[in-house]
Amino acid sequence: MILEMKNIVKTYGRVVANDNVSIDLNEGEILAIVGENGAGKSTIMKILYGLEKPDSGEIYVKGQKVSFNSPSDAMKMGIGMVQQHFMLFPPMTVTENIVYNNEQQKYGFLDKKKNIEKVRELSEKYGLDVDPEAVIRDCSVGTQQRVEILKTLYQNADTIIFDEPSAVLTPGEVDDLLKTMKNLAKAGKSLIIITHKLNEVMEVADRVVVMRAGVVVGRVNKVDTSPEELSYMMIGRQLMNLDIKPVKTGRTLLSVSGLTMGSESGKKVLNDVNLHVDEGEIVGIAGVSGNGQSELIRCITGLEREYEGKVMVDGVDVSNKTVDVIRKAGLSYIPEDRYLWGSATEASLSDNLLMGEEDSREFSRKGILNQKKIDQHADQLIKEYRVKVDTYSQKMKELSGGNAQKIVCAREVERDVPLTIACEPTRGIDIGAMEFVHEKLVNKKENRGGVLLVSSELSEILKLSDRIYVMFEGHLNHEFRHGEIDDRKLGIMMLGGEVHE
Ligand SMILES: Nc1ncnc2c1ncn2[C@@H]1O[C@H](COP(=O)(O)OP(=O)(O)O)[C@@H](O)[C@H]1O
Ligand SMILES: [Mg+2]
C-alpha cells in the first residue's frame, strides 16, 4: 500500500465536506473517486496534496505518518496533483514551466539545453506529446494538461492525483489522457482520478470509491460493478430511464440559410450553413469543438452580427439583429460559458434567475418589480433543480461551476419561449442534474417547442436528438435522423472523414 488516509474529517463552517473519510491506494493502481458535485471529492484530495488541513484523521505515505502544511511537503513525499485549474505561466515555455523551481543548474547557471533534454526524455518515456520549446500561451488545453502531468513527473511524483481532468478536454483529448493514465500505471505510478463520468471510470479504474454528501458510500472493484450500480450509489436512487419518443412536428422555429462568416485571416469560419429546427424537435449539432459551432451560435443569438445569410426565429427575420430583439422573437439560450455570458456574477441568484424576464407581467407591474414573487420563483427553481445553496440571496459568484450551470439552465429552459439553444448544457454537472436537464429539454419538445443542441458529448447528441447535423470546418456536412447513425461513424465524420458501408 503506497498511501492510506484514515478517518479524515474536514468542515467548512457548518458544511461537513469530509466526514470520516478513509481512502487507500496500492502501488501501480488507478483509483477512481466518483460522486456528485459537492460530495467532498476535491476536499479529500486537497488534504492529501497539502492544500487543506484536516480537522482530524491520519495520513500515511509508504508506511510513514505525515502531516502536510503545503503542496511542497506533499511533493517531497512523492505526491503530485493535476488540478482542475492549471497552474501554469502563460508567457513561459513548456520546459520553463515544468522545471520551474527545480531547474538543472550548471555552475550556478540554468542549463537550458539540459532542461529541454530532460523534458523531452520524460515526454517520450510516458508518451506525453509536447514541444518543450513551445510557449504555454500558444498550447491547446490538452497540451497544457500534459505539461501539468510532466511537472509532477519531473518532481518525481509516484502518486498523481487528477481532479476532473476530462472536464476541459475535447473527446479526442480525453482518449489521449486515458491512454496516458494507463501508461503511467503500467510504469508503476499510482493514480487517483476524480470524475463523475462513469465511462471513464469503466475504462481506466482498477477500484472505485463512491462519495455522497461527504461520506464514502461504496468501495468496489471495477470488474465487479457497472455504470448503473455506480450511478445508483452516487445519487442514492435509480436513474429514471428517460423515455424519448418522436412527437409530431409543426411550424419551423429556427431557420438558418446561407450563413457565411469570414475571419480576420480571410478564412471562412462559417461556410454556407443551412439548418432548421421545427416544433417538436431536438436537433443536435455534433462536431469537434472549434469547427464553427460557437460562431454559428453567436450569429443565431445576436452576439455576432457581421455575417451574410438569413436567420429566422419563429417566422421573424432576425438576421444581424441584436441579442435583445432575438430573445424577444422567441428564443432562450444556455451558453457554453455560463460565467461570461450566462450570468451576472455579482448579482443574487434571484436576480440571475429573473434576467431577461424583468418586463414580464408575472414579476412586474407598471415597471415595479414584485420582489416577493421573484424570490419565490427563485426558491422554487433552486429546489426543483437541486442547486446546492443556502438561499436565493447568495451571489452567483459564490456557486461552484456545476451549480452555476444549473441556475442558468433553470432560467433558460423555464422561459416561456418556443425555441431553446442549448450549448453544452450538461458540461460539468453531475448525472442526477444531467438527467434532469435532459428531461427538461425533452419536455420542451413535447410541449410544442424546439431545441437546438450543441454538444461535444456524443452520447448526449445521440440520445436526445431527433435529427443530427455533423459540423466540420464551418459547414454542416451531413444530416441524420435519430437511430440512423452510431457513435463510431459520427466520430469519423466529425473529423471530416467519410463512412462507406
Ligand atoms: N473553501 C471552501 N469554503 C467553504 N465551503 C467549501 C470550500 N471548499 C469546499 N466547500 C464545500 O464543501 C463541500 C464539498 O466540496 P468539494 O470537495 O469541492 O466537492 P466535490 O469536489 O465533490 O464537488 C461542498 O458543499 C462545498 O461547497
Ligand atoms: Mg470537485
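1. Start with strand 15 and strand 22 of this predicted model: the two pair in the parallel sense, over six bridges. To find the pairing by eye, look for I282, which stands opposite V451 in strand 22. Strand 15 also has strand 23 as a partner, joined to it by four bridges and again running parallel. Here the pair to look for is V283 and, opposite it in strand 23, R467. As general background, strands of a sheet pair through backbone hydrogen bonds, either parallel or antiparallel.

2. How many residues of strand 15 are buried? Six of the six are, so the strand is largely enclosed by the rest of the structure. Both of its faces are covered. On one side E281, V283 and I285 are buried, and on the other side I282, G284 and A286 are buried too.

3. Now step back to the whole sheet around this strand. It is an open sheet of six strands, in the order 18-21-22-15-23-24, with mixed pairing. Which strands stand at the edges? They are strand 18 (331-334) and strand 24 (475-481), each pairing on one side only. Neighbouring strands are turned by 20° against each other on average, ignoring direction. At the strand 18 end, four bridges join strand 18 to strand 21 (residues 419-423), and these two run parallel. Y333 stands opposite I421 in strand 21, which gives you a handy place to look.

4. Two helices lie across this sheet, and they are worth tracing in turn. Helix 15 (residues 431-446) lies across strand 15, strand 21 and strand 22, at about 145° to strand 22. Helix 17 (residues 487-494) lies across strand 15, strand 23 and strand 24, and runs at about 35° to strand 23.

5. One residue of strand 22 deserves a closer look: G450. Is G450 buried or exposed? It is buried, because 28 other C-beta atoms lie within 10 Å, and 20 or more is the cut-off for being buried. Leaving out residues up to four places away in sequence, G450 touches L253, L254, V277, D278, E279, G280, E281, P418, L419 and K445. G450 and R251 are 199 residues apart in sequence, yet 9.9 Å apart in space from C-alpha to C-alpha.

6. Next, the nonpolar cores. The largest has 67 residues, and those that touch the most other members are A286, V313, I407, I421, L452, L453 and V470. Helix 14 (residues 401-414) gives the most to this core, with six residues. A second, separate core has 59 residues, including A39, I59, I149 and L177. Back in the largest core, I407 is a good residue to explore. Not counting residues up to four places away in sequence, I407 touches S343, L349, N352, L353, V387, M396 and L399.

7. Helix 9 (residues 293-301) is another enclosed element. Seven of its nine residues are buried, so the helix is largely enclosed by the rest of the structure. The buried ones are Q293, E295, L296, I297, C299, I300 and T301. After helix 9 comes G302, which has a positive phi, near 90°.

8. There is another open sheet of six strands to compare. Its order is 6-9-10-3-11-12, and the pairing is mixed. Strand 6 (79-82) and strand 12 (215-221) are at the edges with a single partner strand each, so one side of each is left without a neighbour in the sheet. From one strand to the next, the twist averages 20°. Strand 11 (residues 207-212) pairs with strand 12 in the antiparallel sense over six bridges, and V209 stands opposite R219 in strand 12. Helix 6 (residues 171-186) lies across strand 3 (30-34), strand 9 (159-163) and strand 10 (190-195), at about 150° to strand 10.

9. Finally, turn to ligand 1. Which residues are around it? They are Y12, V15, A17, G35, N37, G38, A39, G40, K41, S42 and T43. Sorted by class, this shell has four nonpolar, six polar and one charged residues. Strand 2 (15-25) and helix 1 (41-48) each supply at least two residues of the shell, and helix 1 gives the most, with three. One residue to revisit is A39, which is part of the shell and also belongs to the second core.

Conventions. Residues numbered from 1 in each chain as written. Chains lettered and ligands numbered in written order. Predicted model: local features only at pLDDT ≥ 70, side-chain atom pairs only at ≥ 80, totals over all residues. Near = placed C-beta within 6 Å. Nonpolar A, V, L, I, M, F, W, Y, C, P; charged D, E, K, R; others polar. Core = buried A, V, L, I, M, F, W, Y, C linked by C-beta atoms within 7 Å. Buried ≥ 20, exposed ≤ 12 C-beta atoms within 10 Å, placed from the backbone. Contact = placed C-beta atoms within 7 Å. Pairing = 2+ DSSP bridges. Axes fitted to C-alpha atoms, helices over the stretch in contact; angles between N-to-C directions.
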